[in-house]
Amino acid sequence: MKISELAKATNVTAKTIRYYEQVNLLLPAKRSESGYRHYDKKDIATLVFIRRCRELNIPIINIKRLLDVQNNPNDSCAFIDEMIQNQLIRIQEAQKELAMLEKSLASLASSCNNHTVEGCSILHQLQSP
């Protein structure tokens, strides 16, 4: 299949597919005599896996490692468990930071009763040390 067909089958843009090839997440496609990329069903499975990992915000370096460990099916999956646990911790920390950001923004949003820039308490609070 061509790159446009792969993109449609996996819900990943052609530009992203080319990027994944460039950073070695996806093996370079076979090329036809006319230079078009051609993919097979294995590429669909790999690209869906990559897309799902990216949806979980897993860094590309870790996706590479996850793809690599699949070549050794009898190895321990301790690395995978640890990586997912670490990703969960990073997401939980990001949620805490976002909650603090939300609280700060809500406070700012409710702080201004003035109707002019000159008297805007939001701007004054953002400028104060």
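A disulfide is a pair of cysteine sulfur atoms within 2.5 Å. With that cut-off in hand, here are three close-up views of this predicted model.

**View 1. Cysteines without a disulfide partner.** The structure holds 0 disulfides. For C53, the nearest cysteine sulfur belongs to C77 and sits 15 Å away, so the pair does not meet the 2.5 Å cut-off. C53 is also buried, with a relative accessible area of 6%. Another cysteine to look for is C120, which is buried as well, at a relative accessible area of 14%.

**View 2. The largest nonpolar core.** Here you can find a set of 19 residues; I17, Y20, L25, Y39, L47 and I63 have the most contacts inside it. Four helices each give two or more residues to this core: α1 (3–10), α2 (14–22), α3 (41–55) and α4 (60–69). Zoom in on Y20 and follow its contacts: leaving aside residues up to four places away in sequence, Y20 touches V12, L25, L26, L47, I50 and R54. In soluble globular proteins, nonpolar side chains tend to be buried together.

**View 3. The largest pocket and its lining.** This pocket holds about 500 Å³ of space. Its lining is made of 19 residues, and those nearest the pocket centre are L25, L27, K42, T46 and L67. Both α3 and α4 supply at least two lining residues, with α3 giving the most, 5 residues. Sorted by class, the lining has 8 nonpolar, 5 polar and 6 charged residues. If L25 looks familiar, that is the residue named in the core view, and L25 also lies by the centre of this pocket.

Terms used. Residues numbered from 1 in each chain as written. Predicted model: local features only at pLDDT ≥ 70, side-chain atom pairs only at ≥ 80, totals over all residues. Heavy atoms only, no water. Core = buried A, V, L, I, M, F, W, Y, C linked by side-chain atoms within 4.5 Å. Buried < 20%, exposed > 50% of the residue type's maximum accessible area, 1.4 Å probe, protein only. Contact = heavy atoms within 4.5 Å. 1 Å grid on protein atoms, 1.4 Å probe; cavity = no way out; pocket = protein on both sides within 12 Å on 5 of 7 lines; lining within 4 Å. Points joined across faces, edges and corners; volume = space filled by probe spheres on them. Nonpolar A, V, L, I, M, F, W, Y, C, P; charged D, E, K, R; others polar.
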